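Trainee: Could you take a close look at the strands with me, and at how they fit in with whatever surrounds them? I would enjoy one connected walk-through.

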Amino acid sequence: MKVINAVVCPCCGNLCDDNEVQVEDNKIVKVRTECAISSSKFLNYYKERNTKPLVRVDGQLKPTTLEDAIERVARMLVEAEYPLLYGWSLTSCEAQKKGVELAEEVGGVIDNTTTVCHGPSILGVQDLGDPTCTLGEVRARADLIIYWGCNPSSAHVRHMKRYSSLSKGRFRLPEQRKVVVVDVRKTPTARNANVFVQVKPNQDYELMTALKMLLQNEEIEEQEVAGVPIEQIEELAELMRGCEFGVLFYGLGLTMSEGREKNIDAALTLVRELNKWTKFAIMPMRGHYNVTGANQVLTWQTGYPYAVDFSRGYPRFEPGDTTAVDVLSRGYNDATLVVASDPVANFPKDAVKHLCSEPLAVIDPHISLTAFMADVVIPSAFIGIEEEGTAYRMDGVPLILKKVVEPPEGILSDVQILDLILKRVRELKRGR
Amino acid sequence: MRNMEYLLKNGYVVDPANKIDCERKDIAVKDGKIVESVDESRAKVIDVKDMLVMPGGVDLHSHIAGSKVNVGRLFRPEDHYKDYEVRSGVRRSGVGHSVPSIFTTGYRYAILGYTTVFEPATPPLKTLHTHDELNDIPILDKACFPLFGNNWFVMEYIRDGKLEECAAYIAWLMRSIKGYAIKVVDPGGVETWKWGGTVQDFDQEVPRFGITPREIVRGLVKVNKLLGLPHPIHVHANQLGMPGNYKTTLRTMDAVKDLATGDRPILHLTHVQFNAYGGVDYLSISSHADDIADYVNKNPHVTMDIGQVIFGDTTTMTADGPFEYKLFNLLRGKWANADVEVETGAGVVPITYSRSNYVHAVMWCIGLELALLIKDPWRVFITTDHPNGGPFTEYPRVFSWLMSKKARERVLKRLPRLARARTNLKDIDREYTFYELAISTRAATAKILGLSNKGHLGVGADADIAVFNINPKEVNPSVDYKLVRQAFSRAYLTMKDGEIVVKDGEIVAAPVGRTYWVNTKAPKDVEDVVISEVKKLFEEYYTVRFENYYIPESYLACSAPIQPLEPAG
């Protein structure tokens, strides 16, 4: 039996790296972790696994050879005028780099899942900037922690204990921290907070504006804003102004409710205002374990974090035009390659309709809903379990994910598969 | 092809390290190195008749890769829209302008005739990111300097007088994360900023750590000597950007004077233009470049680079988070801050330097004054602190200003009258020669970085060569400064490790460059104790595991470890 220490978990943006995995006969038999999601992934990842390349024949997915599958994907990409390469947040940075190269080669558009989660956060950052810090800074110093529109108790299970409200830092113990939750309902996170502020759905912008006004010593004449009594807002403003080191964590409750990037603008404006009084940071709770890495890689290679279009031979970024949902629902693209994602399960109906009506290829360890609809499916190895790779934590700290077991025979990694496709694409283009 | 043989014939060679000043000389290249001669029948002969031949440029301070650079790229799409590169041949596509995407960074440096560029600030915890980007930079040889000036372990070891332990800690860290030199940014100031405060004085105590910036700088100079690192400590002094800060700069230099032995510099002060201001506020800001130059002229223990300002739009980025916050409060535009646990921080703020702005005009003068008033070009280097003063692509403009009083005056006469009055530039007649330019951008930077194979064209050197289409015997740079600018903007030929990478200003090959790092070691018994201490505290201080902090050598696309020097006595 082999015991592997300090294993990074490839689940959420927390990238907890203190897990212990025990392996026997190339099988994970035990996981020491404090997170149910993590242990479930390590112990069950291989179930309902597809291990054969598949191709659609007469409406049915039938097994085929890897060569045939690669050939079909390469042809699909070369023949398309404007292919979309989507996904990329549940794979390694090494695979993401190959993805950019491939998108550039075929003159397509590459987009990652940011487009449907924290895209508005990035647009906000592009408006106003990003006063932030690493999670260790929060742990060492924060005496006020605000979770706004996010629910780490369920979504980022170890966030509070490892990095934020319940963590023990050098200068700060859990009992010295105040915890505030702002949400539309009393979430499990809210139940353990010192203060819970129940905001009316889609009125976060108003609440943040009220807070900012109070910090600027302006009078508010209303009795309540966004369903919150003005006294409670005043208390919250004082709490924020009076802390020594505050941090605002926010989730999709802000980015995907009414206002979107304007909500983020309001949150950033609030944090900028607070820095006049004290030290205050802000951080999005990124979901997929390497969505941050996808933004990083795309940014350093192309200048833009997502929705990068290569149709003119150089990188362009036009959110609302080159973003995956818009490309699909307007029917711009004529082929799609999905890597490590499942857009059929969560994209709007019009987008999914178009996605399925044009040639579609999927690279994924699982048979996802998208894979069910695909013309070609290539199974891949699990990054962080069957393959090494780099990933970035939600605060931008990079970590190397480990390989703890061998993948099933014949299963290649995303990098290897994309490399084969890229080579074949180049050959086909030369032949044309 | 690296294994090809070349003969560059009939050029005018400027190679200050070998005391060659505009001599007609052939350069022979074989297996990536400069050699005595090659067989002319086998070698590819390139006629560079009457052209200027120099070693490849060596830039010791340019923010080209890593987390803060990427913040700049990400939050400034407006920086990229108008400046893009279409994919062609071996060249990948990309964008500029002040924070170019990674491939474009490598190409544009090569086109300027530069072949070695060092990233001067990396937070150790995020150095994997820095290497990730450095791996992607084509052509150039590179390295990165980890930040130590606000590191908890460093501050506490120095405070407790445990210098050997501090050296062992830095040795372990440098080796583990593949760094090259000790970088110090606003010593103690960033830790203070993490509580929202700032360091106002060189002798102010850092909250909760009981140590002053002076003690940190002195301690690290001593540690650098103990470790025998090839480069002196690389310091961004306190109070950067503040009126009246020239006093702090002088005190920083003077604080370590007694630690110098012989003529070897022990302190490199970086982008000093930002640290040479007089006055009490921005209305009264003035140049004190003359005082600083005077000190440097009298004291051999210091080198510096200038951090020249270029009028136009750019992005400031530094580990000096408190400075960026102050700048944000002046400009009220975008502001990014990125504190990193235990170690350091960072800030990013876009800026447009304007000719009509009095403060910016003074800044422009100061950079050039430093380069012109410091007499020894082996101790003052041309940088723009890319992209803080301006993008590196503007280097040719800086060269022309230094080589021509006429070129400077063209700008000077359009500056606010008060700015001209409160600076010294108008009274300076000195003009750089090609020889001095080659020292400042090549020979001297390679020497201070401890790169014996770079910055010269002697036998055995790496065949990193830049050829510019300008005849140094005929062109008078003082008058024809535009020709100088044009020639240095597009190298006629750039060779990297014996491979032609730029031909007539176009990229023709994009090989992978090396990443240098120093394989530092401290006495084993001390190191063992220190590592076990660090391990014990690591869990409490950091949010990653000790094991995962380490960066394996295999992560570097082309690893080039170098050994430390013999520790100085």
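**Strands, within a chain and across chains**

Mentor: Happy to! In this predicted model, nine strands of chain A make up an open sheet with mixed pairing, ordered β5-β4-β20-β19-β18-β6-β7-β16-β17. Its edges are β5 (60-63) and β17 (316-317) of chain A, each of which pairs on one side only. Inside that order, take β19 (residues 360-363) and β20 (residues 376-378) of chain A: they run parallel and share three bridges. Within this pair, I363(A) sits opposite I378(A) of β20(A).

Now for the sheet that I would linger on. Four strands form a second open sheet, in the order β8(A)-β18(B)-β19(B)-β17(B), again with mixed pairing. Notice the chain letters: one edge strand is β8 of chain A and the other is β17 of chain B, and each pairs on one side only. On average, neighbouring strands here are turned by 20 degrees against each other, direction ignored.

Let us cross this sheet strand by strand. β8 of chain A (residues 129-133) pairs with β18(B) in the parallel sense, over five bridges. Two partners help to place that pairing: D130(A) is bridged to A336(B), and C133(A) to D339(B). Next, β18(B) and β19(B) are antiparallel and joined by two bridges, with N337(B) opposite G347(B). Finally, seven bridges join β17 (residues 312-318) of chain B to β19(B), and these two strands run antiparallel as well. Here T315(B) faces P350(B). As a reminder, strands of a sheet pair through backbone hydrogen bonds, either parallel or antiparallel.

How covered is β19(B)? Five of the seven residues in this strand (347-353) are buried, so "mostly covered" describes it. A helix also packs on the sheet: α11 (residues 321-331) of chain B touches β17, β18 and β19 of chain B, and its direction makes about 45 degrees with that of β19(B).

That sheet belongs to a wider contact between the chains, to which chain B gives 45 residues and chain A gives 49. On the chain B side, the elements that give two or more residues include β18 (335-339), α4 (127-136) and α18 (524-541). The chain B residues on that side divide into 19 nonpolar, 11 polar and 15 charged. Of those elements, α4(B) deserves a glance: nine of its 10 residues are buried, among them H129(B), H131(B), D132(B) and E133(B).

To round off the surroundings, step back to chain A. It is divided into domain 1 (2-43), domain 2 (50-117 + 289-431) and domain 3 (119-284). The centres of domain 1 and domain 3 of chain A, taken over C-alpha atoms, are separated by 31 Å. Their contact takes eight residues from domain 1 and five residues from domain 3. On the domain 1 side of that contact, five residues are nonpolar, two polar and one charged.

One helix of chain A is worth a look too: α12 (residues 261-274) has 14 residues and reaches 20 Å from its first C-alpha to its last, close to the 20 Å expected at 1.5 Å a residue. Its buried residues include N263(A), A267(A), L270(A) and L274(A). An α-helix has 3.6 residues a turn, so residues three or four places apart point the same way.

Key. Residues numbered from 1 in each chain as written. Chains lettered and ligands numbered in written order. Predicted model: local features only at pLDDT ≥ 70, side-chain atom pairs only at ≥ 80, totals over all residues. Pairing = 2+ DSSP bridges. Contact = placed C-beta atoms within 7 Å. Nonpolar A, V, L, I, M, F, W, Y, C, P; charged D, E, K, R; others polar. Buried ≥ 20, exposed ≤ 12 C-beta atoms within 10 Å, placed from the backbone. Domains from an automatic or database assignment. Expected span 1.5 Å × (residues − 1). Axes fitted to C-alpha atoms, helices over the stretch in contact; angles between N-to-C directions.
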